[in-house]
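Today's notebook page is about salt bridges. I wanted to see who pairs with whom, and how open each partner is to solvent.

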Amino acid sequence: MLPPVSADLQHRVRELYADNKKIEAIKLVREQTGLGLKEAKDLTEALASGRPLPVAPAHGRPDLASRVRELKAAGRGEQAVFLVRGETGMGQSEAERFVEAIDAVDAEGGEA
């Protein structure tokens, strides 16, 4: 499943490709999306060539809070914050508070 890719990330990837910095573009995609190397490379090449991004059906997609929980459980808190920022447009501190709030709700035994 393809994670959300913000307009800012798409623009930055295209700029890096234009500057012949393909490896940096792939690293950026991996950092911001949590994708593996092959998936990040494929996504980066699609963005650079202007091809449409593959989209998974929305009906099978877990909600944002569930995806944040999965990333955090895997020790990928920074990617959780990137995910929230990319999907919601929140700033860094807002996204960090969102991720922390999910922890607080989980600790109380509730659902986000």
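Entry 1. I started in helix α1, which runs over residues 7-18, and noted that R12 and D8 sit four residues apart there, about one helical turn. This is a predicted model, so I keep that in mind for every entry here. The two side chains form a salt bridge, with 3.5 Å between the closest N and O atoms. I then looked up accessibility: R12 is partly exposed at 33%, and D8 is partly exposed at 46%.

Entry 2. How many salt bridges does the structure hold? I found three, and went on to the pairs in helix α3.

Entry 3. Helix α3 spans residues 37-49, and in it K38 and D42 are four residues apart, again about one helical turn. They form a salt bridge whose closest N and O atoms are 2.7 Å apart. Is K38 buried or exposed? I read 56% relative accessibility, so K38 counts as exposed, the cut-off being over 50%. Its partner D42 has a relative accessible area of 34% and is partly exposed.

Entry 4. Which residue does K41 pair with? I found E45, with the closest N and O atoms 2.6 Å apart. Both K41 and E45 belong to helix α3 and lie four residues apart, about one turn. K41 is partly exposed at 36% relative accessible area, and E45 is partly exposed at 28%.

Terms used: Residues numbered from 1 in each chain as written. Predicted model: local features only at pLDDT ≥ 70, side-chain atom pairs only at ≥ 80, totals over all residues. Heavy atoms only, no water. Salt bridge = Lys/Arg side-chain N within 4 Å of Asp/Glu carboxyl O. Helix = DSSP H or I, 4+ residues; strand = E, 2+ residues; numbered from the N terminus. Buried < 20%, exposed > 50% of the residue type's maximum accessible area, 1.4 Å probe, protein only.
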